[in-house]
Amino acid sequence: MTSVAVPFPLAGVDPAWSRTVSITDSDGITRTVHVLDSWNGRESGVPELTVLCVHGNPTWSYLWRRLVSLAPAQWRVVAVDQIGMGFSERTGSMRRLAQRIDDLGAITAALGIDGPVATVAHDWGGPVSLGWALAHPELLVGVVLTNTAVSQPPASPAPRLIRAVRSPGVLNAMTVRTQGFVRGTLRLGPHRMSAEIRQGFLAPYPTAQSREAIGDFVTDIPLDASHPSFAALDAVAEGVRGLQVPVLLAWGPSDPVFSDLYLNDLAQRMPHADVHRYVGASHLVTEDAPHAIPDILTWLSSLPSLSPLSSLSSLSPLPSLPSLPSLSPLSHRGHPSAHLARSDAPVVAADAPEARHDLLEGLRSRSRDESAAIVELGGSPRIVSWRELSATVDALAAGFMATGISAGDRVAVLIPPGADLTACVYACWRIGAVVVAVDAGLGVRGMGRALRSAAPRHLIAVGRGLALARAVRLSVSGQRILVGTATASSRALGADALLRDLIALGASTELPAAPYADAEAVVVFTSGATGPAKGVVYRHEALEAQRDALRALYSIEPDDALVAAFPPWAVLGPALSIATAVPDMDPTSPGTLTAPALADAVQAVKARLVWASPAAVRAVVETADELSPLQRIALEQVRLLMSAGAPVPLSLLERSLMVMPNADPHTPYGMTEALPISDISLSQLREAGIGNGVCVGWPVPGVTLRVDPLDSSGEPRGEPSDAVAVTGEICVNAPHLKDRYDRLWGTERAATTDDGWHRTGDVGHLDAEGRLWVEGRRQHVVSTDRGPVTPVAIEQAVERLPGIVHAAAVGVGPRGTEQLVVVVVTDEPTRQRSPLASLELLDQVRAAVTQVSVSTVLIRKSLPVDRRHNSKIDRQELAAWAADVLAGSGRTARR
Amino acid sequence: MGRRCVGGQRSNGAALMRVLVTGGTSMLGASVARILSERGDQVTLLQRSPSGSGLREILSDITDADAVSAAVANHHAVVHCAARVGVVGSAADFERTNVTGTRVLIEAMVRHGVERLVHVSSPSVAHSGAALVGVGAQPADPATARGHYSRTKAAAELLALASDVPAVVVIRPHLVWGPGDTQLIGRIVDRARAGRMALIGNGTALIDTTYIDNAADALVHALDRAPQLRGECLVVSNGEPRTVAELIERILRAAGISTRLRSVPASAARGAGAAAEKVWSATSRDDDPPMTRFLAEQLSTAHWFDQRRTRDLLEWQPQVTLTEGFERLAQWYAERA
């Protein structure tokens with residue numbers, strides 16, 4: 001039997017790539033193998049890199065068509081059809097893993113591939129490619145794996161699924177007699193696959209005879225040691241532990257078979273692997289996630305063994321690659337290209353740093369202090385002294401160790417702000433465990449996604465937290481520790497231990513030395529306002545630098561005390577060595593803070609500092625008349641109000657003075673990845689006046705700012721500078737920067753400049769006074785034919801017009817020639833059905849907006865906002881709506 | 001090259017030309033002729049009836065091969081504005097003026113070795129009815145263009161581009177208007193005065209228009225740049241798309257008319273247009289019907305264009321903004337009130 005002719009045309013495949021090659025297999029039989037080979041027909045030349053792609057079951061080399069077409073010309077991309085699959089020969093007999101590994105070796109030999117080689121594989125192509133990789137260490141320079149497995153992790157549902165498929169009658173019916181298995185695989189993704197791509201995948205499998213190997217593949221999965229392929233798979237699974245080359249794990253976490261469990265298993269076997277989880281993508285991750293193939297190419301192009309410039313330059317025309325950082329050696333901290341240094345696994349540095357002031361220093365320095373360290377003013381007020389807190393942290397740390405929590409382990413902490421949360425966090429830091437902190441504001445679904453993405457090993461939670469973990473199907477292989485008292489329901493939720501019991505458990509456990517400065521400390525999450533929340537990893541040294549930056553910025557002294565009405569900062573007090581009060585409020589709903597509750601919290605610790613989100617400040621201002629005379633006096637001792645988390649209007653800061661007359665209101669600017677970046681006070685804001693954007697003040701100590709100018713289409717040029725009055729993407733460098741995005745290699749790469757600075761995604765400019773102005777988000781820049789236009793100043797100008805409540809500036813049309821459209825909400829509810837503004841309003845808006853010609857003004861009853869913040873305008877949705885209205889569908893109703 | 005010289009130079013040093021402008025009584029033809037003559041070029045007009053412009057003119061039908069040949073002789077360049085516009089008339093009428101006329105002109109140019117042709121076309125030659133949002137000049141296609149006018153202009157444009165004239169530039173100005181315009185402005189104003197003006201849909205479609213001076217200026221730039229741009233085809237507009245509702249309201253305001261615009265669903269407008277075309281066609285009326293399918297589509301779907309390439313290649317920028325244009329229009333009406 002020989003291979004079948006490939007029925008071109010096939011969407012996305014150049015027939016010129018298609019060729020066959022004859023090999024002699026381990027049985028001495030000659031087999032014809034079909035491959036897609038980007039260098040097919042090329043007579044001479046040596047590829048800079050050969051990318052060897054191996055598909056799984058039931059796909060074929062078609063899976064790699066975009067990789068073949070988008071790869072740089074000096075790379076040879078070879079995607080093989082495994083024997084019996086795709087358009088390779090049908091043998092009529094079962095082919096087992098060990099033989100498939102041999103087959104691949106024979107294929108690369110026949111094709112004259114003599115390195116350097118990077119393997120790229122999917123599904124059961126993974127073990128085959130890894131078997132080849134282990135057999136060819138002299139050629140191997142990199143390994144990319146997508147949704148695959150080398151072993152069955154305990155508790156994985158796949159064995160059951162596979163057993164079900166393998167049961168008599170089912171296997172043959174599903175995989176061979178019908179196209180059920182093939183078609184089912186193509187339907188796993190979040191979007192419906194286009195008909196032409198589906199046809200491409202189905203092309204080699206029209207008949208039962210053509211599909212025999214699909215059934216054989218399923219049969220060859222070893223579920224226990226008695227299986228003929230068990231030894232071969234086990235050799236691969238153990239062998240990869242010794243892989244020295246860079247590894248990328250690109251994963252679709254919605255895969256019903258190769259779930260996160262398999263990703264975590266692989267990551268544990270290859271702790272140096274780079275990881276990118278494409279949230280929402282399923283089994284065919286390279287089909288489901290548009291960025292996956294470009295990311296893989298970028299990753300391959302930065303393999304240390306390649307000459308970076310040549311491969312990068314030829315990658316530049318790739319679509320959807322925001323900016324390809326070149327490989328500069330200037331990085332101040334692990335460069336993304338240095339795969340081994342930027343591991344997604346906990347790293348303990350080999351070179352021990354100097355003795356230093358660690359995060360627990362502030363706590364330790366007051367360990368004999370009987371005064372209050374934490375005061376909770378919730379239902380039943382609770383006061384914890386410095387001495388108690390310090391002792392609890394040490395005892396818990398020992399207890400954690402005794403119960404099996406180790407340095408580097410990730411520990412999800414689902415506890416409301418207060419003494420228990422603070423004690424658990426510092427205890428984790430004490431032993432080098434990594435705290436995974438999810439904000440309840442993400443909602444159940446968002447918290448579930450965030451928790452699963454971080455893959456914590458242990459969980460410490462209040463009863464509600466355990467229930468949530470169960471509801472979102474978070475599986476932790478380590479401890480589930482309950483904060484509170486055991487009840488029937490908490491036992492039902494699988495609590496292994498009670499937090500209070502751990503204190504005794506660790507009595508005889510000796511604590512280790514403090515973690516190294518570059519040990520990971522915490523995984524926190526972005527707001528998730530634009531897409532799924534992203535995990536952000538901080539190391540100890542960055543948190544220490546953040547502590548120091550805040551201390552310097554706000555001249556914090558030990559006799560200062562803080563009211564933390566903004567959950568993330570409730571934990572910070574002990575690090576700053578200042579007492580903290582948590583006011584009586586719902587921490588997930590800042591609007592529930594009242595002026596009396598704030599005053600009581602201030603009084604409880606004699607707080608001179610207040611940290612509250614704008615929504616909380618607004619709620620306090622609005623409840624000011626509920627204050628008693630004594631509470632008013634208490635609030636007079638506040639010297640500093642810090643408000644951040646969303647844009648803080650000047651008027652709100654001004655009104656805050658009615659409640660805290662002696663406070664100097666400040667608003668720091670920053671984001672989950674870097675906070676604070678800059679800071680401005682009320683008086684400085686008044687002084688700054690009106691400008692292009694929102695003035696966010698001067699960089700805080702330790703922060704360096706640059707702006708990467710936008711090109712004519714609105715994209716950053718990749719040349720950050722500190723030039724004044726130039727609009728561009730704001731780039732920041734600081735010792736308190738995040739280490740990286742968590743298991744989002746491609747995102748990290750795109751958000752990092754050549755020399756390791758963080759790209760904030762905000763656009764703005766520096767002024768002659770050294771102040772930073774934020775002009776909007778990078779993706780909200782309107783790209784007109786006269787150049788890029790930023791939205792914030794336009795919106796501010798329009799909102800200053802009488803009768804305008806809200807304004808949003810959006811672009812309509814193709815990038816580079818977008819028309820500026822201003823969408824407004826007016827204060828009078830008109831009854832007209834048309835969304836068009838009157839000529840008078842048009843004239844007013846055009847007079848107010850001098851930057852660019854306003855194409856038109858549309859009126860809506862409200863602007864769409866993101867669900868999480870209820871404040872950030874969803875400009876993408878708004879732009880799509882405006883485009884639809886202005887295309888003239890003729891049936892547009894007012895929204 | 002000495003042949004190009006009329007005996008002098010413009011202030012910028014460029015040689016003066018003898019230019020034949022066809023369709024010299026049209027708003028665009030008259031404007032181009034005026035600009036050229038004001039800068040010192042020697043202009044000849046070619047059309048059927050006297051222009052009253054004081055410029056040298058030859059009165060002839062554009063399809064009269066002998067007359068056209070005589071008119072073309074001894075010129076350096078031609079700006080071809082003559083065309084049959086509107087929707088009234090048979091396919092043969094449009095074919096004759098727009099296609100045959102262009103062929104006759106080109107043959108005369110080739111015969112006399114006239115090397116530059118600025119061929120005035122229309123964005124509708126590449127428009128099959130869908131919304132056009134920020135696009136460039138797409139290829140003319142007589143097979144998909146809508147209506148006799150667009151179809152024949154598409155064929156004429158292809159003729160011009162395929163001709164042996166060495167330096168052909170095709171310019172497609174979009175919805176040219178200005179004081180004294182009878183085609184667009186005049187019709188809207190007349191209908192509003194008669195209380196018969198209605199908005200199609202909500203008038204929310206964003207459309208490009210071109211103020212007359214800018215269109216004429218672009219043609220002059222095309223003439224000067226023709227040797228560098230041979231074979232180019234460019235859409236010209238003010239680059240300030242506005243909603244149909246705003247444009248109509250501004251025109252009416254300039255004309256001193258205050259009226260509330262009724263709204264007609266887009267589908268109904270297309271239906272009415274189709275019906276009107278049938279009636280007009282059956283009764284051989286020689287005025288334009290109040291609504292046509294083409295007009296209904298034009299006024300209910302977005303039409304605006306990417307002007308970056310146009311501006312770069314023509315080395316041209318619109319000098320009169322829409323706001324200034326409407327002020328001039330208001331002044332023009334005020335002077336006639």
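## Contacts and overall form

Two residues are in contact if their C-beta atoms, placed from the backbone, lie within 7 Å. On that basis, in this predicted model, residues 24 or more positions apart account for 69% of those contacts in chain A that have a separation of 6 or more.

Chain A contains 31 helices and 34 strands. Its radius of gyration is 30 Å, close to the 29 Å that the globule rule gives for 895 residues, so chain A is as compact as a globular protein of that length. Taken along the principal axes, the box filled by the C-alpha atoms of chain A is roughly 95 × 80 × 50 Å, and 54% of the 895 residues of the chain count as buried.

## Strand β6 and its two partners

Strand β6 of chain A covers residues 140–146, and 6 of its 7 residues are buried, so this strand is largely enclosed by the rest of the structure. One of its partners is strand β5 (residues 117–122) of chain A, which pairs with β6(A) in the parallel sense over 6 bridges; within this pairing, A:V120 stands opposite A:V144 of β6(A). Between β5(A) and β6(A) the chain passes through helix α3 (residues 125–135) of chain A, and the resulting β-α-β crossover is right-handed.

Strand β7 (residues 247–251) of chain A also pairs with β6(A), again in the parallel sense, and here 4 bridges are found. Among the residues involved, A:V143 has A:V247 in β7(A) as its bridge partner.

## Strand β18 and its two partners

Further along the sequence of chain A lies strand β18, made of residues 561–564. From this strand A:A561 and A:V563 point one way, whereas A:L562 and A:A564 point the other way, and all of these residues are buried. Which residues, then, stand opposite those of β18(A) in the strands that pair with it?

With strand β19 (residues 579–582) of chain A, β18(A) pairs in the parallel sense over 3 bridges, and there the bridge partner of A:A561 is A:A579. With strand β20 (residues 609–611) of chain A, β18(A) likewise runs parallel and is joined by 3 bridges, and in that strand A:W611 is the residue opposite A:A564. The two residues of β18(A) named in these pairings therefore belong to the sets that point in opposite ways from the strand, A:A561 with A:V563 and A:A564 with A:L562.

Conventions: Residues numbered from 1 in each chain as written. Chains lettered and ligands numbered in written order. Predicted model: local features only at pLDDT ≥ 70, side-chain atom pairs only at ≥ 80, totals over all residues. Rg over C-alpha atoms; globule rule 2.2 N^0.38 Å. Buried ≥ 20, exposed ≤ 12 C-beta atoms within 10 Å, placed from the backbone. Pairing = 2+ DSSP bridges. Right-handed = clockwise from strand over helix to strand, strands pointing away.
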